[in-house]
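Dear colleague,

Here is the structure I said I would pass on. Please look it over; my notes follow below it.

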There are 2 protein chains.
Amino acid sequence: MSIVIVPGAEAAATVAPGHVETSAVRTGRVDVVGLGPAGRDWLTPQAHAALAAADHLVGYGPYLDRVPHNPRQHRHASDNRVESERAEFALDLALRGERVAVVSSGDPGVFAMASAVIEVAAEPRYAGVDVTVIPGLTAAQAVASQVGAPLGHDFATISLSDRLKPWEVVADRLDAAARADLVIAIYNPASRSRRTQVEDARAVLLRHRSADTPVVVGRAVGSDEQQITVTTLGELDVDAIDMRCLLIVGSSQTQVVDGPSGKRVFTPRRYPG
Amino acid sequence: MSIVIVPGAEAAATVAPGHVETSAVRTGRVDVVGLGPAGRDWLTPQAHAALAAADHLVGYGPYLDRVPHNPRQHRHASDNRVESERAEFALDLALRGERVAVVSSGDPGVFAMASAVIEVAAEPRYAGVDVTVIPGLTAAQAVASQVGAPLGHDFATISLSDRLKPWEVVADRLDAAARADLVIAIYNPASRSRRTQVEDARAVLLRHRSADTPVVVGRAVGSDEQQITVTTLGELDVDAIDMRCLLIVGSSQTQVVDGPSGKRVFTPRRYPG
């Protein structure tokens, strides 16, 4: 049993015998590619092949830096704002016949670039451009896997960022998820400028959850700087949360047990009643 | 850029020079491995390596069938019930020094084997057994990727099965998720014996969502028999839903647009307010 993926340049050069590719007949495309949370071990063969076949890589600089250099490819690094502009840039390249990979960390379909690309691609001028979304492991899955199975039963996935939605919507959703006793994976808990959301979220959650509810804090998961902390809602160190963190807040059923290399956390599939 | 994973037997045989492995010193372990929803393209290198290194494969028969045969390995197929018995069987093998892979479709941490293994491993007699959870792409991610990015914003992941939890809990969670305008990924919507849950779930969702809310039905995603249907909550064909299906129900913001090869569905990251 073996997987062998050939180097990017060769893969991209594979065309039917006798076929001469010209810019006139060539059709561009956009693949929105999930790199997973970190590292080669979590990169799917499908994502790897799409990256290798691309003529252009488009994305937030630190994500592009995770893709090994290929001299055949053009790289277009951006900051992580104005997703629609990045989407438009990629789609314009595809209109000119180029094969473009828009790279996202994690899964591009989860709080990432895929919805912006699909939305902009709906404009009539991009009607002929094929867009494929290539899923990747999410940060929530990666953090969960490092401690056991906290997402083993029903859960909600909620972003705390109020950059694109009002805080009232975030708070309502946290309240609903906590009342329904869902485990909650929290994305974008904080940044340098957003420093109050985690404390506010905790206050909402404590309406329905006890202070000893298990909380997993994963920081820079999968990287050399990975830190995984198992704590509780009451003892969570709010000031230590930054933009590289993802939080998993347990349900009433989530349990913490001892394992040979530290605490393990799981949510059983049974629910009493 | 290349990924080369060597054949299973060789990988497992890699030991330190001069090291002679005996059953007396050998420590067993259990890897709970996510195969992803289907196919080699979605199998991570980490999962591939864990499967290749295992002495024993344990799991539901149809999942084991997805792992290429290796004459060095023992296979232990089971039905898909009584997860704790399968977990115990795997942990007992590990206690005897064996390296065991418990295989799950999708992500073992999401409605699958990981929480059962972690729970049983907490029993004192398994105190020394190392358990690793190796994440995989979920069915929800795979279905979403086939139509665009319906999970692009906050969402809930809920199983309709009332085999291990009361239906009232399921209904309360659906109601809360619908009221909070979360996109909802629905696992285990139906089986041969469970035929009423999808209709009941729809009734709950229609309390808060309009009948023209987009619904994506993914069946056997990633397999040769894959079917993806984009419909609405009102027009959903309840009788066509079976145990190979996964449903994604949009929020009030989820949109359906035309693409060159069919309908695309996305949920924007912005929320009005």
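**Notes on the model**

Directly after α6(A), A:G148 adopts a positive phi of about 135°. This is a predicted model, so please read that angle and everything below accordingly.

The helix that precedes this glycine, α6 of chain A, spans residues 139-147 and is mostly covered, with seven of its nine residues buried. Those buried residues are A:A140, A:Q141, A:A142, A:V143, A:A144, A:S145 and A:V147.

On to the interface. Chain B contributes 78 residues to the contact and chain A contributes 77 residues. Together the two chains bury about 6800 Å², and 58% of that area is on carbon and sulfur atoms. Eight salt bridges are found across the interface of chain B and chain A. By class, the side of chain B that touches chain A is made up of 42 nonpolar, 21 polar and 15 charged residues. One salt bridge pairs B:E119 with A:R270, where the closest N and O atoms are 2.7 Å apart. Between the chains there are also 35 residue pairs in polar contact, counted with both residues at pLDDT 80 or more.

The chains are joined through strands as well. Strand β8 of chain A (residues 155-159) runs antiparallel to strand β8 of chain B (residues 155-159), and three bridges join them. Within this pairing, A:A156 has B:A156 as its bridge partner in β8(B).

B:A156 also appears among the contacts of B:L182, a residue in the loop between α7 (167-179) and β9 (183-187) of chain B. Is B:L182 buried or exposed? Its relative accessible area is 1%, so B:L182 counts as buried, the cut-off being under 20%. Leaving aside neighbours within four places in sequence, B:L182 is in contact with A:I158 and A:R173 from chain A, and with B:D154, B:F155, B:A156, B:A177, B:R209 and B:S251 from chain B. Of these, B:D154 lies 28 residues from B:L182 in sequence, with 5.7 Å between the two C-alpha atoms.

One further residue, this time in chain A, is A:T231, which sits in strand β11 (residues 227-232). A:T231 has a relative accessible area of 16%, which is under 20%, and therefore it too is classed as buried. Apart from neighbours within four places in sequence, A:T231 is in contact with A:T213, A:P214, A:V215, A:V217 and A:L236.

Regards

Terms used. Residues numbered from 1 in each chain as written. Chains lettered and ligands numbered in written order. Predicted model: local features only at pLDDT ≥ 70, side-chain atom pairs only at ≥ 80, totals over all residues. Heavy atoms only, no water. Contact = heavy atoms within 4.5 Å. Buried area = accessible area lost by both parts, 1.4 Å probe. Salt bridge = Lys/Arg side-chain N within 4 Å of Asp/Glu carboxyl O. Polar contact = N/O pair within 3.5 Å; in protein donor to acceptor, adjacent residues only side chain to side chain. Nonpolar A, V, L, I, M, F, W, Y, C, P; charged D, E, K, R; others polar. Pairing = 2+ DSSP bridges. Helix = DSSP H or I, 4+ residues; strand = E, 2+ residues; numbered from the N terminus. Buried < 20%, exposed > 50% of the residue type's maximum accessible area, 1.4 Å probe, protein only.
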